[in-house]
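I opened the model today to look up a few things about its fold and its surface. My notes follow in the order in which I checked them.

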Amino acid sequence: MVQEIVVPASEPVKKVENFLRNRFPVGYVRKLFRKNGVRLNGRRSKPDDIIHPSDRIHLYIPFEKHLTGIDPERANPREVPVIFEDRELLIVDKPPGMAVHEGKRVLKHGSLLGILEAKYRPAGVTPKLVHRLDKDTSGLLIVAKNSQAAQDLEDAFAEGSVQKEYLCLVVGRLHRKAGTIDFPLTGRDGKPVSAVTHFRVLKLFSETTLIKVKPETGRLHQIRLHCARLGHPVVMDDRHGDFAFNKYFRRVYGLKRQFLHAASLGLKYKGSTAKWTAPLPKDLQRILNSLECPEEA
């Protein structure tokens, strides 16, 4: 079955590949071009061909929605709360369940970056990510509004001058009041790299512990891996966690994602130190309110 798409009159001139990526998962778009399954105004199309309003695009490979694994709720664009903005940067409070950028199972227009690009495009601004949060991690994220700001912020992250604090609930009762996890993790090139995480216990519950975490470095899944290394994995971590406990916790409390929230963010900005905070989202606050037998740490 051939699918026809007529380019809307409001669509700006762009590459046909980018047009399709805003509507379909990147894996499906790559498959279309790999198998020569795209026609633009009746002619075979290449990824960088330019589309214009009223052009007709025909797709000769069916889009099988049931194979994409996309959650319909997460595929649709949502609002991204902006808690600070000036000419150089945005501080946003990323909702849980929202990927920061497109992927094999994530539509670009449903990702945080895609939503921001659509919002700021009329003003000639192209937002740029300078760090990331996992899809199911909520909280504060810095987004640059121009290339120079992006470079300055990347330098700040590299120098360790950006201070981040997370709230997370871990499995078990952690009786150490505070501590540091200094354990190397695998870097992008596959070699071990330094990774340091500081933590402080905020509250003990009957089967879990609420902690505040300050990563000194920014490695992939650092907090989740270090908590697991400590013997107290993040509650509902589906990759590095305690799967039996997660199954029990979901059944009892109904939590569907990892209990990890980027609660505060600080950096030296325009000659002074700025700090922003984001409260726990409703789903995580509900869990804290539901936990039985709380005891002050």
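Which strands do the buried residues of H6 pack against? Keeping in mind that this is a predicted model, I found that they pack against strand S11 (163–171), strand S12 (178–182) and strand S13 (185–186), and also against strand S15 (196–204), strand S16 (208–215) and strand S17 (260–269). I then listed the buried residues of helix H6 (residues 222–230), which are Gln222, Ile223, Arg224, His226 and Cys227. Just after H6 I noted Gly231, whose phi is positive, near 95 degrees.

Next I turned to the whole chain, where I counted eight helices and 19 strands. Of the 297 residues, 47% count as buried, and residues 24 or more positions apart make up 61% of the contacts that have a separation of 6 or more. The C-alpha atoms fill a box of roughly 70 × 50 × 40 Å along the principal axes.

For the surface, I recorded an exposed area of about 15,900 Å², of which carbon and sulfur atoms supply 50%. I also looked up the charges: there are 51 positive and 34 negative side chains, and the centres of these two sets lie 3 Å apart.

Last, I looked at a negative surface patch, which is formed by Asp152, Glu154, Asp155 and Glu159. I placed Glu154 in helix H5 (residues 147–159), and I entered Glu154 as partly exposed because its relative accessibility is 37%, a value that falls between the limits of under 20% for buried and over 50% for exposed.

Definitions and conventions: Residues numbered from 1 in each chain as written. Predicted model: local features only at pLDDT ≥ 70, side-chain atom pairs only at ≥ 80, totals over all residues. Heavy atoms only, no water. Patch = residues over 30% accessible without salt bridge, like charges linked within 9 Å, V, L, I, M, F, W, Y side chains within 5 Å. Areas by Shrake-Rupley, 256 points an atom, 1.4 Å probe, with all protein chains shown as cover. Salt bridge = Lys/Arg side-chain N within 4 Å of Asp/Glu carboxyl O. Lys, Arg positive; Asp, Glu negative; His and termini not counted. Charge placed at Lys NZ, Arg CZ, Asp CG, Glu CD. Helix = DSSP H or I, 4+ residues; strand = E, 2+ residues; numbered from the N terminus. Buried < 20%, exposed > 50% of the residue type's maximum accessible area, 1.4 Å probe, protein only. Contact = heavy atoms within 4.5 Å.
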